[in-house]
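Biologist: Before we use any technical words for this protein, could you show me the model and let me ask how each word is earned?

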Amino acid sequence: MNQMRQKLINVIMEQGISEVITKGESLGKNNQVANAIYYLEEGVCGLVRYTKAGEEVVYHYFQAGDILGGVYFNLAEEPSSYNYKSDARSYFLAKTTCKIYKIYYTQLNSAIQQEPMLANIISHSIAYNFHQVIGHVHEEKEEYTHVRLSRFLLKLSREIDGEDRLDKHFNYIEIAKYLSVHTVTISRIMATFKKKEMVEKRGHQIIIKNKGALLEVAQNMRNEEFL
């Protein structure tokens, strides 16, 4: 599976177009027409929508190494053009500066005809992302905020120079918005995490100091008060 996934990534990078998307821009210029799959090489991208009141809702965060856009590829009704018109209001939004590789559906289809297993990798990425979104919705309804926050920190952190760090984009406001709680709630829990030396705030960046302790919170193994 890993070898075939890398093969798909290679196809996207070799046959696709390299682009740099600035923070706040959509990966597609026309959100109503989907005709490409993306490989995210650098940055953070959100699957987002806006409510009628103009409030942004984030369903999922994609990070470096993720493949985006497989859903509409599978839904396309016209293989000749592979343009899928959708009324969906969700789309991919760059939350940081993102480096992507874009391959159009027509090119991807040609590659799949030569190597059918590539389609399985696209389906696998769709299933994985769906599982993550459903998990996020479930946790919002069922889990305590400190448990959800600890899982968020563990999931979104990346090792840099021997430390597990979150991208600077993930400030308390962004985290609170994703977890659907007040910023003050996040601030109070993070203060407790810092007091217990689980995390450290260095400038605008969150550093994971004790992954094991955070994992215990994430798994509901620690019952102390975090608010």
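**From definitions to conclusions**

Biologist: On the other side of α1 from its buried residues, what makes Asn2, Gln3 and Glu14 exposed?

Modeller: A residue is called exposed over 50% relative accessible area, buried under 20% and partly exposed in between, using a 1.4 Å probe and protein chains only, and Asn2, Gln3 and Glu14 fall in the exposed class. This is a predicted model, in which local features need pLDDT of at least 70 and side-chain atom pairs count only at pLDDT 80 or more, while totals for chains, interfaces and linings use all residues. Residues are numbered from 1 along each chain as its sequence is written, and side-chain values use heavy atoms, with hydrogens and water left out.

Biologist: Which residues of α1 are buried, and why are they said to lie on the same side?

Modeller: The buried residues of α1 are Met4, Leu8, Ile9, Val11 and Ile12. They cover an arc of only 155 degrees around the axis, taken from the directions from the helix axis to the C-beta atoms, and this puts them on the same side of α1. Contact means heavy atoms within 4.5 Å, and these buried residues pack against elements including β3, β9 and α4.

Biologist: What makes the largest nonpolar core a core, and how many residues has it?

Modeller: A nonpolar core is a set of buried Ala, Val, Leu, Ile, Met, Phe, Trp, Tyr and Cys residues joined through side-chain atoms within 4.5 Å, and the largest such set here has 28 residues, with Leu149, Phe152 and Leu153 among those with the most contacts inside it. The helix α6 gives the most to this core, with 5 residues. A second, separate core of 18 residues includes Met4, Leu8, Tyr105 and Ile122.

Biologist: How do you know that β3 and β9 are paired, and in which sense?

Modeller: Two strands pair if DSSP finds at least two bridges between them, and β3 and β9 have 6 bridges in the antiparallel sense, so the definition is met. One of the partnerships sets Ala36 against Tyr104 in β9. Both strands belong to an open sheet of 4 strands with the order β1-β9-β3-β6.

Biologist: Why are β1 and β6 placed at the edges of that sheet?

Modeller: Each has a single partner strand, so one side of each is left without a neighbour in the sheet.

Biologist: What makes β5 largely enclosed by the rest of the structure?

Modeller: Because 6 of the 8 residues of β5 are buried, the strand counts as largely enclosed; β5 also runs antiparallel to β4, to which 7 bridges join it.

Conventions. Helix = DSSP H or I, 4+ residues; strand = E, 2+ residues; numbered from the N terminus.
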